[in-house]
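Morning, everyone. I have one structure to walk you through today. Please have a look at it before I start.

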Amino acid sequence: MSVAYWQIVRVLWKSDIPGHNLSTRICRSTEIPLSGGGNPEGQLRSRRKAAKMLVAVVITFAICFFPVHLLSILRCTMALPSNQWTIAISLIAHWLCYFNSAVNPVIYNFMSGKYVSLRNEMFEKTEASPSIHTLLVTQHTIILKFAQQFLRYVNALIV
């Protein structure tokens with residue numbers, strides 16, 4: 001699987017775009033200007049952004065799923081004691097698997113050029129519109145309260 005992802009990133013990162021040399025030669029010989037979609041630098045930049053996004057998603061997947069796979073290997077190869085620590089670590093490892101599914105859309109959004117421009121536009125409007133700012137603060141507060149409750153729950157399992 002890693003080899004397949006490596007091949008995808010390598011193809012996306014390469015500087016030669018299939019068909020670009022042919023279209024450039026045809027346009028030069030007939031003196032026809034390239035259309036707006038024929039910008040090779042823009043295409044290369046876009047492909048490299050996609051490659052970076054793919055690398056970020058794969059690394060996040062590896063980090064989130066490594067603990068659960070490590071626990072499975074340890075359970076098969078040696079006798080792990082069944083105490084509060086192993087139960088808590090197992091719970092956190094499985095929560096990381098779910099977290100991976102939740103974080104993927106966030107990665108796609110934050111690494112998307114459209115998202116960045118929309119986010120900047122929204123924050124410009126936030127200064128003019130206090131209702132949007134209030135909504136953002138409320139969402140942030142809800143997320144913080146959920147995180148605090150989750151940490152209390154995990155702490156209660158450990159203690």
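Let's begin with one stretch of chain, residues 85-110. It is 100% helix and 0% strand, and its end C-alpha atoms sit 35 Å apart. Keep in mind that this is a predicted model.

Why that stretch? UniProt, in an unreviewed entry, marks residues 85-110 as a "transmembrane region". The same record gives that label to residues 53-73. Over residues 53-73 the chain is again 100% helix, with 0% strand. There the end C-alpha atoms are 30 Å apart.

Now step back to the whole protein. How many helices and strands are there? Six helices and zero strands. From the N terminus, the order reads α-α-α-α-α-α. The protein has 159 residues, and 17% of them count as buried. What about contacts along the chain? Take those between residues at least 6 apart in sequence: 73% of them join residues at least 24 apart.

Next, the pair of helices I care about. Helix 3 covers residues 40-77, and its axis comes within 9 Å of the axis of helix 4. The two axes cross at roughly 170°. Parallel or antiparallel? An angle over 145 degrees counts as roughly antiparallel, so helix 3 is roughly antiparallel to helix 4.

Who meets whom? From helix 3, the residues include Met53, Thr60, Cys64, Pro67 and Arg75. From helix 4, they include Ile89, His94, Cys97, Asn100 and Tyr108. By class, this contact has 17 nonpolar, five polar and one charged residues.

Let me zoom in on Thr60. Thr60 lies in helix 3. Is Thr60 buried or exposed? Its relative accessibility is 17%, and the cut-off for buried is under 20%, so Thr60 counts as buried. Which residues does Thr60 touch, leaving aside neighbours within four places in sequence? Asn100, Val103 and Ile107. Look at Asn104 as well. Thr60 and Asn104 are 44 residues apart in sequence, but their C-alpha atoms are 8.3 Å apart in space.

Now cross over to His94, in helix 4, which spans residues 84-110. His94 has a relative accessible area of 36%, so it is partly exposed. Its partner for a distance check is Pro67. Along the chain, His94 and Pro67 are 27 residues apart, and their C-alpha atoms are separated by 8.2 Å.

Last topic: cysteines. How many disulfides does a search of the whole structure find? Zero. Take Cys64. Why is there no bond here? The closest cysteine sulfur belongs to Cys97, and it is 7.6 Å from the sulfur of Cys64. A disulfide needs the two sulfurs within 2.5 Å, so this pair is too far apart for a bond. Cys64 and Cys97 do both appear in the contact of helix 3 with helix 4.

Cys64 and Cys76: buried or exposed? Cys64 is buried, at 4% relative accessible area. Cys76 is exposed, at 72%.

To recap: helix 3 and helix 4 run roughly antiparallel. Thr60 is buried, and His94 is partly exposed. And there are zero disulfides. Thanks for listening.

Methods: Residues are numbered from 1 along each chain as its sequence is written. This is a predicted model: local features need pLDDT of at least 70, side-chain atom pairs count only at pLDDT 80 or more; totals for chains, interfaces and linings use all residues. Side-chain values use heavy atoms; hydrogens and water are left out. UniProt positions are given in the numbering used here, feature names are shortened, and annotations may be inferred rather than shown by experiment. Helices (H or I, at least four residues) and strands (E, at least two) are DSSP runs, numbered from the N terminus. Buried means under 20% relative accessible area, exposed over 50%, partly exposed in between (1.4 Å probe, protein chains only). Axes are lines fitted to C-alpha atoms, for helices over the stretch in contact, and angles run from 0 to 180 degrees between N-to-C directions. Angles under 35 degrees count as roughly parallel, over 145 as roughly antiparallel, 65 to 115 as roughly perpendicular and the rest as oblique. Contact means heavy atoms within 4.5 Å. Ala, Val, Leu, Ile, Met, Phe, Trp, Tyr, Cys and Pro count as nonpolar, Asp, Glu, Lys and Arg as charged, and the others, Gly among them, as polar.
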